[in-house]
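Trainee: I'd like a close look at just one part of this model, please. Take me slowly through the place where its pieces pack together, and tell me what each term stands for as you go.

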Amino acid sequence: MDAFTAGILQRIEMTRSDLDHARRTGDDYLADVEQAELDELHRLAAEHGVQV
């Protein structure tokens with residue numbers, strides 16, 4: 001696994017965790033921000049052929 005793939009997968013994992021935390025604590029604004037970030041990371045991964 002190259003550095004880009006490892007990095008994007010790590011960022012996706014961290015963002016999912018942050019999104020889960022925001023949802024659990026009822027922080028709707030932060031959940032929206034984290035969801036947007038996650039969507040962008042998934043788009044970036046797909047653009048570069050990274051399987052998520």
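Mentor: Sure, let's start with the ground rules and then work inwards to the packing.

This is a predicted model, with local features needing pLDDT of at least 70 and side-chain atom pairs counting only at pLDDT 80 or more, while totals for chains, interfaces and linings use all residues. Residues are numbered from 1 along each chain as its sequence is written, and side-chain values use heavy atoms, with hydrogens and water left out.

First, the parts list. The chain has two helices and zero strands; helices (H or I, at least four residues) and strands (E, at least two) are DSSP runs, numbered from the N terminus. Along its principal axes, the C-alpha trace spans about 35 × 15 × 10 Å.

Now the part you asked about. Helix H1 covers residues 3–24 and helix H2 covers residues 28–47, and the two pack at about 160° with their axes 9 Å apart. Those axes are lines fitted to C-alpha atoms, for helices over the stretch in contact, and the angles run from 0 to 180 degrees between N-to-C directions. H1 and H2 are therefore roughly antiparallel; the label goes to angles over 145, while under 35 is roughly parallel, 65 to 115 roughly perpendicular and the rest oblique. The crossing of H1 past H2 is left-handed, the name used if the near helix is turned anticlockwise from the far one by less than a right angle (clockwise would be right-handed).

Who makes the contact? On the H1 side you'll find Phe-4, Ile-8, Arg-11 and Leu-19 among others, and H2 brings residues including Ala-31, Glu-34, Leu-38 and Leu-41. Contact here means heavy atoms within 4.5 Å. The residues of this H1 and H2 contact split into 11 nonpolar, three polar and six charged. For that count, Ala, Val, Leu, Ile, Met, Phe, Trp, Tyr, Cys and Pro are nonpolar, Asp, Glu, Lys and Arg are charged, and the others, Gly among them, are polar.

Next, the greasy bit. The largest nonpolar core has nine residues: Ile-8, Ile-12, Leu-19, Ala-22, Ala-31, Leu-38, Leu-41, Ala-45 and Val-50. Such a core is a set of buried Ala, Val, Leu, Ile, Met, Phe, Trp, Tyr and Cys residues joined through side-chain atoms within 4.5 Å. H1 and H2 are the elements that give two or more residues to it. Buried means under 20% relative accessible area, exposed means over 50% and partly exposed lies in between (1.4 Å probe, protein chains only). By that cut-off, buried residues make up 23% of the chain's 52.

Let's zoom in on some of those core residues. Ile-8 sits in H1 and is buried, at 3% relative accessible area. Leaving out residues up to four places away in sequence, Ile-8 touches Leu-41, Leu-44, Ala-45 and Val-50. Its C-alpha lies 7.1 Å from that of Leu-41, although Ile-8 and Leu-41 are 33 residues apart in sequence. Leu-19, with the same neighbours left out, touches Ala-31, Glu-34, Gln-35 and Leu-38. Over in H2, Ala-31 is buried at 11% and, counted that way too, touches Leu-19, Ala-22 and Arg-23.

Now step one place along from Ala-31. Asp-32 belongs to H2 but is exposed, at 55% relative accessible area. Its C-alpha is 8.9 Å from that of Ala-22, which is 10 residues away along the chain.

Finally, the wider view: of the contacts between residues at least 6 apart in sequence, 57% join residues at least 24 apart.
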